[in-house]
Every structure is written in structure tokens, then in C-alpha cells.
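The following exercises ask the reader to work through strand order, helix packing and burial. Please have the coordinates open in a viewer.

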Amino acid sequence: MIRINENYTKLKASYLFADIARRVTAYTSAHPDRPVIRLGIGDVTEPLPAACVAALHAATDEMGQRATFKGYGPEQGYAFLRELVSQHDYAARGCKVEPDEIFISDGSKCDCGNIQEIFATDTRLAIPDPVYPVYVDTNVMAGRTGPNVDGRYQGILYLDSTASNGYVPAVPSAPADLIYLCFPNNPTGAVATRAQLEAWVAYARRNKAVILFDSAYEAYIRDPDIPHSIYEIEGARDVAIEFRSFSKTAGFTGTRCAYTVVPKTLMASDAAGQPVALHALWNRRQTTKFNGVSYPVQRAAAAVYTDAGQHQTRALTDFYLANAQLIRSAMGALGLKCAGGDNAPYIWIDVGRDSWEFFDLLLDKAQVVCTPGAGFGKCGEGHVRISAFNSRENVQRALERIAAALR
Ligand SMILES: Cc1ncc(COP(=O)(O)O)c(C=O)c1O
């Protein structure tokens, strides 16, 4: 009989959000009269900006006319969107990223998960803990780790993010080849300073390593001193790939559009030690396995860069950040220590007890769903993540219920 990829059997039994959904479904079936408020999974709640909706309508009309109909587009994305990204997200911040270094995709989850394919199986990994689970699980599937022992996969160099380092891991003394960094961070909401990012770029250059920099939440940065892109750091073009998404910037979680930057100057070596451009490899991967993002969706993403789009997306992120402030101050008033929320839509709360136990307590006593920190890694134990993605009314009601439950 045909055999499976055994690496899948190393994965922890289920995906964190599936576990949460199972417990919530069990609770709501047992208590249909007690509606729950979900501040767990990081999905947005507010509708698409009007500028994006108008662009979607206009592009759909174009698709309905012979003269303007579009079939397959370029796998890398339409030039109109790549040029806007290059200009607005990079040139405007003093970073040099050419339009043809930008690969438009249908999501950062896929890009973060797929990128590991272009690296050798014996690549040494450095991955933060706690972490967005996709980075770890996709490497487990690819056979880059040993089994999971006591909550950690053998073969990964874990970068502990704890209260003692402000949830920003310092560069390790051991070498690694592929480093995953995510700032503003999911789940901790922490941001990295310019000096911290400079240390990581210097580490990568010293070790001839590659940084995979996930900045899916950069639109939430309000502190003017915090870099939005790894390419704001000198020398990063030679050592870093960056992932960005319209999901949390413009409410595109259900619309699907993101992009990945692979600078043409970024090299890795082949088995003979000869340099190979990662840009060429990623281009080969995408043209073979991906057929591009739909034309109307790319037009909707382009609308983010119009004056109206910029105004409306800023209002969206401001709205969620105001929710985050309410959550932070309510947690502070309950005597709980928090990180995040200032430049990120997540609040990372030190609950001083088992994180699943706290999850169950909030569900049972307050009918509020949070995310148990242990689901993001060993260092997440003792914490929960509360997401600011919800209506103001739901956030306020959830906070009142939490306060009553914990008092
Ligand atoms: C850190 C991080 N990266 C990437 C993603 C995925 O984004 P997308 O919706 O573009 O797939 C998420 C979504 O929650 C995320 O938290």
C-alpha cells in the first residue's frame, strides 16, 4: 500500500485553533443560552474599506466585458500592484525594493509555509518560542526536525521570548541558517527596536544565514522609532526575505492578498558551495505551483494605496488599536501584567497559571474565548493572548464579564 509522509505523524495531534474550536463548540452545545464572545483567533471583524469595495466592483465589471476581460495573470502579480507596493511600502521609508522583487500572493500563511521548500533539508532552524505555529509545523512536515519531546521538536534552535527579554529574543551564541522573526509579534504583540533588528542582521551576515521576516502587522506600528521593514536595516537586502499581508492592514482575511519580497541580491549556496540567487528559486517555485491572485482582488489591494484607501485603512487599524488599549487597561486594573497592544493588535497576558486552565475559566465564567499561550510554544505557558479584533461593543462586554469573573 502507498505510504504516507511520516513527518506528518510527528506533528502535535491537532492545530491550536481546532482545539479551541472543539472546546468552544462543546461549551456552546451544553449552554446554548450563554453566547460567547470570541477574542481568540486573530480574524478581523470590520468590513472592507469602501475604496477596496469600489475597486472590487469596478474590476468585476471589467471581467464581464470582452474588451477588458482578464484570464491568467502574471504568477508574480500585476505590475500595477507591485509598483505601488515598491513605492508606498518601501521607497517612502527609504528602502530599495524593486517591483520585480515583490511576489504578490494569496496570503502570508501560504508564503511563510511554502518558503522553506527552497532550502536544504539539513538547514539549521532558529525559531522563536512562543510563535505563529505555521513556521514550525511546515518545517516538521518537510522533515527538518526530529520528534517532539516535551513540547519541543528536536533539531530546532528555540529562541525564548519571555518577560525577561521583553519578548524579543536576543541573537543566540550558536549558529543557525534560517531564522524566523515576526514583528510586531503574534502572539506577544512585542515590537523589535532598530538596535535589536541590527543585531539580527549582523548575526545573519556573520553566519551566512537568511532571516524570514514576517511583518504582517506592520500597519499597527505607531511608535515612529520602530522599523516597519527589515530593509530599513542596512545590509538586510543580502540576508532577509520579508512577508507582508493585506489581511490585518485592510481587512483582507477573507479576500486574500499578500506579498513576499525576495531581493535579487540575496544568495544561498548550492552543494558545491556556489552562490545561487534565492529570487530565481522562489520565482521558479511560484511559477510552477501558483497561478496568481485574481485580478479584482489585486485591484482591491491597489486601492489601499489611494488617498481614500490610506485614510480608511488607517482608521481601521486605529479602531483595533483603541480596542487594544481598552483590553490593556482592563487587564492592568485586574492586576495582570501585559505586553503588546501599543503597536500590535494582540495583548499577551501573564496569567500566572496554566494557560488552558485560564482559557477554560474565562470560557466557563465569562463566556469569553482567548487563546492559551501554551498553544504557541513552551514559553507561552502561563500566558494567554487576547485579540483586539472585534467590535467595540463586544470588547467592552467581554471586559466587563472578565472583570466580574476574576473579581
Ligand atoms: C504572524 C502571521 N503571519 C501571517 C499570517 C497569515 O496571514 P494571511 O491572512 O495573509 O495568510 C498571520 C495570520 O494570522 C499571522 O499572524
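Five exercises with worked solutions follow.

This is a predicted model, in which local features need pLDDT of at least 70, side-chain atom pairs count only at pLDDT 80 or more, and totals for chains, interfaces and linings use all residues. Residues are numbered from 1 along each chain as its sequence is written, and side-chain values use heavy atoms, with hydrogens and water left out.

**Exercise 1. The seven-stranded sheet**

Determine the strand order of the open sheet of seven strands, and identify its edges.

Solution.
- Step 1: Helices (H or I, at least four residues) and strands (E, at least two) are DSSP runs, numbered from the N terminus. Two strands pair if DSSP finds at least two bridges between them.
- Step 2: The order is β2-β10-β9-β8-β7-β3-β6, and the pairing is mixed. The edge strands, β2 (102–105) and β6 (156–160), each pair on one side only.
- Step 3: From one strand to the next, the twist averages 20 degrees.
- Step 4: The mixed character can be followed pair by pair. β2 and β10 are antiparallel over four bridges, with Ala258 in β10 as the bridge partner of Ser105. β9 and β10 are likewise antiparallel over four bridges, and Arg244 stands opposite Tyr259 in β10. By contrast, β8 (residues 210–214) and β9 (residues 240–245) pair in the parallel sense over four bridges; here Ile211 has Ala240 in β9 as its bridge partner.

**Exercise 2. Surroundings of β10**

Are the faces of β10 covered or open, and which helix lies across this strand?

Solution.
- Step 1: Buried means under 20% relative accessible area, exposed over 50%, and partly exposed in between (1.4 Å probe, protein chains only).
- Step 2: Ala258 and Thr260 on one side of β10, and Tyr259 and Val261 on the other, are all buried, and both faces are covered.
- Step 3: Helix α3 (residues 79–90) lies across β2, β9 and β10 (258–261), and runs at about 115 degrees to β2. Axes are lines fitted to C-alpha atoms, for helices over the stretch in contact, and angles run from 0 to 180 degrees between N-to-C directions.

**Exercise 3. Two helix pairs**

Describe the packing of α2 with α9 and of α1 with α11.

Solution.
- Step 1: α2 (residues 50–63) and α9 (residues 295–303) pack at an angle of about 150 degrees, their axes 8 Å apart. Contact means heavy atoms within 4.5 Å; among the α2 residues that meet α9 are Ala55, Leu56 and Ala59, and the α9 side includes Tyr295, Val297 and Ala300. The residues of this contact divide into 11 nonpolar, one polar and two charged. Ala, Val, Leu, Ile, Met, Phe, Trp, Tyr, Cys and Pro count as nonpolar, Asp, Glu, Lys and Arg as charged, and the others, Gly among them, as polar.
- Step 2: The axes of α1 (residues 16–30) and α11 come within 11 Å and cross at roughly 35 degrees. Residues of α1 including Leu16, Ile20 and Tyr27 meet residues of α11 including Trp356, Phe359 and Leu363. This contact divides into seven nonpolar, no polar and four charged residues.

**Exercise 4. The nonpolar cores**

Which residues touch the most other members of the largest nonpolar core?

Solution.
- Step 1: A nonpolar core is a set of buried Ala, Val, Leu, Ile, Met, Phe, Trp, Tyr and Cys residues joined through side-chain atoms within 4.5 Å.
- Step 2: Of 85 residues in the largest core, those touching the most other members are Leu81, Ile179, Ile211, Tyr231, Phe246, Cys257 and Tyr259. Helix α11 (residues 355–366) contributes the largest share, six residues.
- Step 3: Another core, of 28 residues, lies apart from it and includes Leu125, Val131, Leu266 and Trp282.

**Exercise 5. Burial compared**

How many residues of α5 are buried, and why does Arg407 count as exposed?

Solution.
- Step 1: Seven of the nine residues of α5 (residues 133–141) are buried, among them Tyr135, Thr138 and Asn139. Their cover includes α4 (108–114), β3 (125–129), β6 and β8.
- Step 2: Just after α5, Gly143 takes a positive phi of about 85 degrees.
- Step 3: Arg407 lies in the segment after α12 (392–406). Arg407 counts as exposed because its relative accessibility is 78%.
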